[in-house]
Every structure is written in structure tokens, then in C-alpha cells.
Amino acid sequence: MQTLGYWPLKGDLWIVSESGFERRSSNNGRRRRKTIWGLGFSSLLADDSRGNGYGGCYGKSRFDLGYGFSKLKVGRFCKPKKNSLGSSVALVFALEQQAIGSEFQIEEEFNSNGTLSENSEIDGNLHLSSANNGGGKEQPKKETGVGSEGENGGKVNVRELGLSLGLAKTADDVDEILKDKGELPLQVYSTLIRGLGREKLLDSAFAVHEWLKRKKEETNGVIGPNLFIYNSLLGAVKQSEKYGEMEKILNDMSQEGVVPNIVTYNTIMAIYLEKGQGVKALNILQEIQKKGLTPSPVSYSTALLAYRRMEDGNSALKFFVEIREKYQKGEIGKDGNGDEDWENELFKLENFTIRICYQVMRRWLVSRSNLSTEVLKLLMAMDNAGIPLGRSEYERLLWACTREDHYLVAKELYDRIREKYFDISLSVCNHLIWLMGKAKKWWTALEIYEDLLDKGPKPNNMSHELIVSHFNILLTAARKRGIWRWGIRLLNKMEEKGLKPGTKEWNAVLVACSKASETTAAVKIFKRMVEQGQKPTSLSYGALLSALEKGKLYDEARQVWEHMLKVGVEPNLYVYTIMASVFAGHGKFNLVETVLSEMNSSGIEPTVVTYNAIISGCARNDMSSAAFEWFHRMKAHNIPPNNVSYEMLIEALARDSKPRLAYELYLKAAKTEDFDLSPKAYDMVVESSKLYGIPIDLRVLGPRPPDRKDTVNK
């Protein structure tokens, strides 16, 4: 179909044939390039299958009069190199609002009166699209002169004609406008209809069509709508987005006996696609083949775009593989008529398919549903088809991985980049380290950090901060669970990778050692912390004191306490509580009194935890009487005991040959105070009464409490 850049005319309209005016030039051995002179409205422009630029120029005009008709411009288009995305997919990329093009220069342009001005030069951008709204080759090969006279001997100002027709609503209006213009070629009307469609003046386009039908009757078929006109009218419907008029045009074509060609079907596919009816667009492709027509590259591109709109990347990939197999078997391009460079077109379709698969996978990743498995399957299918994504697509997909359930896809993408390419973006690696931490895959995050150290790029401050934050999470887990060996291993790993643990990290491991009653390990960690230049805090000293107290190293604990006070570290409630327990376990109750007094002097009130620690220290050293006394002293200070207070005292009494007292205290806590005591306290009462032959009423004591772990699981 003719584009806006060349029309065989009889009036005063500037035209250029399909081949254009070619000029070969070379200057001082410079690389030759083909220059093609073209002229047309400010409009969309397309390449032919061999990469030759043709069509109207696109550029901003100081005299843009609207209705799709800006100033006419003569453009020189340099033949571009073959690129990965060209004529066949230009239409579908235009549908996706992606501009594709090359640079061109404006050598001459028309003045407002329609004549050429000298030495006028403008730079602009050339935008590729489908000027015939569907692709194909409809334009005749005829070439006519430039600047010829109209039938009435006058010149025809095309811009004014377009403006005037934009106001037409009926065939009578069109007749009034064109009555003095003489005989004009049908290509002019085709171009005007498309321009009106771009400006969404579909009523005016239909008025021109109805006028042509009237002229057909008046001239006995000499002038009337032909296939070019109907295809232009379908294109106007698509561009004006009034898709409901398509059936009316198709019915009219049938009545007039106009047989659709490949351009017609391509335009119908594009309309269905714009209506969101991808399945119908694909059905049209099947109808093309049933009609005995050969699909053009635009047909295949539009079908691929239909799969993109339906977010069906697997079907798009399968569709391309089928096209490639047909080409390899000679089922496509076997006619050898030279209209299409199918080797180049297949290359473009391959790149378009890759882009569609990438876009679909990205949509899957940003959707609310977890489609990670589908992404992995499509990646594998692309590998099997021999058209994998490139590094940039892998990295962009990796950036789209933001949820915890994306970690498998993210790791797969990362591994692919590392295996196939020399470089990888540091920001991508940092993003992946963050994502692995979010998904609680901290060791995987550490592996990525190790790759940065071993393979590059060199980690930056963000990398350090992210990996240290992950270590802190792991160390916190080790601290809470008392997994001291794990904590030490993490510290060693940090130092091995050049990361300097801070006070927070050292304290986490100290607390883990204290909880696990690993006194020796706690002492070693404390020494390493000091050797590394980290200043211990009250938490550091508290964890060490707790570990020493559990190991019954009371003298060593007292030395640490005195050293802490000497270096000026202020004790907090935690440290005071531990030291009260240490002195109580050592039987130094006068020092326990001193600790409590210092607490009061420092404005720190002893809590039930403080008294429980004292009772615990007495219980572990078989001092039940002292434990009983501190239990009552706690109550005298208006600090109500909790279930731990009762459990520790019951344990102390049961061990110290006082089962009856333990039994009565248990009944008071469980029945009177309504505490949920541990099964250990129940077992201590029962076993102690049996051991010392003291009868107790198990019916009054009640059933054994369930294990607390079992209660949590339920």
C-alpha cells in the first residue's frame, strides 16, 4: 500500500516513487551510503524489507495546521544498517508505544503557500511505524514528475485540502470542497483518509469514502473506492479507535466485490488487538492461511504481540519456533520474489520474541501471584529454543524480584549472569544480597558476598552494611537459641571475609555462650573482643558474669565485677541481678545485701527477676532455708512472686529433704495463686515425697501439667 511519502499524481502534488531518487556519493574515500530523497506530510514512516527509508517526514512544524497534515517536507534518508528490530515489527512496537527509528536531515521544506524554500535545514527524528496500517506492498511502481499541473491547469494546495475535508461531514460537503480540484489520483484520497483517521475525524474519512462511491456511479467505475481506499479506511478506524465501524467497512467491501489482501487482514488483526481480543487476532492469522494468502512479517509480529497482550510467553516462544522451522524447511520465503528479506525478518522476529518473553516474565514477577515456577520454566524453554535472554534482561528481571518467594528466580538469574558473562552490576548484587536476607537465605547472601570478593566487582559500603545486617540477624538467632558454636562460626566468617565485628556482634555471641552455660567459650570470646579493640559494655560484662556464675566460678566473677567498676562501666539492672545471684550462690549474703543497697542508691529498683536470681542461686547450692527466707523478703518488699519464684523454691525444698513443705507450696501456687507451674516442679514434689516416704494426696495435687512445648504446638 502506498505510504504518505510517494503518490503518483496528476495535480500539483510533490511525489516520489517507491525507489525514490537514489544518489550514490563518495567523498575522499569515505564509506559510501545510499541517500534516498523523499517527500510527504508530517507522518509515520516505515522501512521496506531491505532497510530503505521511505514515506513522509516526521517533524514539528511552525505551521502545523492539524488534522494530520503539517507542512510538507523533503527529506533525505540515509539507508540504515540492518538492525534487530525493523519494518516487520515496527507496527507492533508502535502499538506498544515504542519509538524506533534513525536520524534524518531536512534539506528543503515547503513554505506556507505550498512552494519550496531554499536553504532550509532542520534536524529531527524519524519514527518507524506502519504507514499502511498493516504492512504489505500495495503501492504501484509508477513514477511521475514533480510539480505537474492539475487538470484545470492550477496548483492544488494539499494542506488546505486536508483542512477543508476535516470539516466535511457528508458526501455533499466533500463534493463542494473538491468540485474545482479536477481529477486527482486515488492515492491522494487514500492518504487523506489516513490523515483524517489519525486526527480521529472518522466522520470526515467516511464522507470522503461515500463521495468516492458516488463518483463511481457517476463515472461508470472510472473513479471509485478500490482496495487501497478500503485499507486506508480500516486504518483510519484503528487510528481513531472507533473499532465498531470495522464490520461496516468489511461488509461494504464484500458488497462491492473488493477482495481483501494481506494488508487488510493485518489491519483487522491490529484492530482486534487494540480491542483486547487477542484470540480473535490469532484466528485472523489462521484465516489468512485458509484464504491461500501468505502471511507477511507484520502478520507474524502482530500475532506475537497478541501473545504478549495475553501474557502468554510460552505460546509466543512456541509460535516463533514454528515460524523458524517453516523457514528452515523452505515453507516460508520459498517464492523468492524478493519482496521480503526473510533471513533478516526472521532475525527481527527472534529479537521481538525475546523481548516479549522478557516482558511477560517481568509482568509475572510484579504480579501479586507467585509465578516464580512459571518464570523458571520459560527461562528453560528459551534455552531449549536457542534464544536465551541477554545480560541486561537478566539484570532487569533480577531487579523485579522483590518478594521472599522470588529468591529461587533471583538466584537462577544471578547464576546465569555469572556463568555466561564477565561482568555483573554491583547494584544488582547488592539487591540480591538484600533479597536473600529478606527470604531468610542468609548463607546464600554470604555466598554472593564471597563472589564479590573473589570475582568482583569490589563490594562497596552498601555491600558491607547489607551483609553485616544479615550476620546480625544470624547472631541474634544464635543468641536467642543459645547456639554458641554457630555464633562463634559466624564471627570467624566475618573476620575471614574482612568484616570487623562490632560490639553488637560480640555481645550476641557472649549471650549465646552464657545461655548455653559455656563458661570457657564466653571467657575466650570476651578476650578476643578486647584484643580486637572493642570496648565491652555492661551487656558484655553481664553475659560474662552470667557464664561464670553458671560455672560456679564465683571468685572469677567477683574479679570481673571489680574490674568493671574500676574501668568505669556503670552496672545496669541485668548486671546487678547477676551479681546478686553470684554472691547468693557463693553464700555471701552480706554482699547480696550490699548489691541491693547499691541498686537502691543508683535509683535501680530490684525486681522479681532480681529476687528470683537470688533464690535460684540458693537453690542450686542446696540452701533451701536461705531461698525460703529471700522468698518471704521479696513479699515483704511488696514484690509479688511469679511462677518462676515458686518453681525455684519448690525445687530447693524438694532437694533439701523437705517434701511436705514443697507439696504445700505447690498447692498454694497452683490452687490458691492459680499459677501454671512447670511439670518439672510437679515431678520434684512427687519424687521427693516418694524418696523420703512422705505421703501426699495425688488427687489433691492434680494431674501432671503438660509440657510447655506441647502446649505451644497445640
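Q: Let's begin with a pocket. Which element gives the largest share of the lining of the second largest pocket?

A: In this predicted model, that element is α26, which supplies 5 residues of the lining. The general idea is simple: rolling a probe the size of a water molecule over the atoms shows where empty space is left. Here, the second largest pocket has a volume of about 480 Å³. Its lining is made of 18 residues, and K550, V609, A613, S616 and R620 are the closest to the pocket's centre.

Q: Which elements give two or more residues to that lining?

A: They are α20 (503-515), α22 (538-550), α24 (573-585), α26 (608-620) and α28 (643-655).

Q: And how many residues of each class does the lining have?

A: Sorting by class gives a quick feel for what a lining is made of. This one has 7 nonpolar, 7 polar and 4 charged residues.

Q: Now let me step back. How many helices and strands does the chain have?

A: There are 32 helices and 8 strands in the chain. Of its 714 residues, 53% are buried. You can also look at how contacts are spread along the sequence: among contacts with a separation of 6 or more, 68% join residues that are 24 or more positions apart.

Q: What should I look for in a nonpolar core, and which residues have the most contacts inside the largest one?

A: Look for buried nonpolar residues whose side chains are joined to one another. The largest nonpolar core in this model has 186 residues, and Y189, M361, L389, Y666 and L701 have the most contacts inside it. Helix α12, residues 342-366, gives the most to this core: 12 residues.

Q: Let's pick one of those. Which residues is L389 in contact with, leaving aside its neighbours within four places in sequence?

A: With those neighbours set aside, L389 is in contact with I354, Y358, M361, L379, M382, Y394, L397 and Y421. M361 is a nice one to spot in that list, since M361 is also named among the residues with the most contacts inside the core.

Q: Is I356 buried or exposed?

A: I356 has 1% relative accessibility, so this residue counts as buried; the cut-off for buried is under 20%. I356 lies in helix α12. Not counting residues up to four places away in sequence, I356 touches L304, L305, R308 and A316. L304 is 52 residues from I356 along the chain, yet their C-alpha atoms are separated by 7.7 Å.

Q: What about a charged residue: is R159 buried or exposed?

A: R159 also counts as buried, because its relative accessibility is 6%. You will find R159 in helix α2. Its C-alpha atom is 10.0 Å from that of L192, with their positions 33 residues apart along the chain.

Q: Where is T170?

A: Look in the loop between α2 (158-166) and α3 (171-178). T170 has a relative accessible area of 39%, so T170 is partly exposed. In sequence, T170 and A205 are 35 residues apart, while in space they are 9.6 Å apart, C-alpha to C-alpha.

Q: Backbone angles come up a lot in class. What is phi of E311 near?

A: Phi of E311 is near 55°, a positive value in a residue other than glycine. E311 sits in the loop between α10 (297-309) and α11 (313-328), and is partly exposed at 29% relative accessible area. K552 is another example: K552 is not a glycine, yet has a positive phi of about 60°. K552 is in the loop between α22 and α23 (554-566) and is partly exposed, with a relative accessible area of 46%.

Q: What is omega near for the peptide bond from G456 to P457?

A: Omega is near -10° there, and the bond is cis. P457 belongs to the loop between α17 (442-455) and α18 (461-481).

Q: Last one: which residues does UniProt list for "repeat: PPR"?

A: The unreviewed UniProt entry lists 226-260, 261-295, 467-501, 502-536, 537-571, 572-606 and 607-641. You can then check such spans against the model. Residues 261-295 are 74% helix and 0% strand, with end C-alpha atoms 10 Å apart. For residues 467-501, the figures are 80% helix and 0% strand, and the end C-alpha atoms lie 11 Å apart.

Notes. Residues are numbered from 1 along each chain as its sequence is written. This is a predicted model: local features need pLDDT of at least 70, side-chain atom pairs count only at pLDDT 80 or more; totals for chains, interfaces and linings use all residues. Side-chain values use heavy atoms; hydrogens and water are left out. On a 1 Å grid over the protein atoms alone, a cavity is a set of points where a 1.4 Å probe fits but cannot get out, and a pocket is an open set with protein on both sides within 12 Å along at least five of seven lines; lining residues have an atom within 4 Å of a point. Grid points are joined across faces, edges and corners, and a volume is the space filled by probe spheres set on the points. Helices (H or I, at least four residues) and strands (E, at least two) are DSSP runs, numbered from the N terminus. Ala, Val, Leu, Ile, Met, Phe, Trp, Tyr, Cys and Pro count as nonpolar, Asp, Glu, Lys and Arg as charged, and the others, Gly among them, as polar. A nonpolar core is a set of buried Ala, Val, Leu, Ile, Met, Phe, Trp, Tyr and Cys residues joined through side-chain atoms within 4.5 Å. Buried means under 20% relative accessible area, exposed over 50%, partly exposed in between (1.4 Å probe, protein chains only). Contact means heavy atoms within 4.5 Å. UniProt positions are given in the numbering used here, feature names are shortened, and annotations may be inferred rather than shown by experiment.
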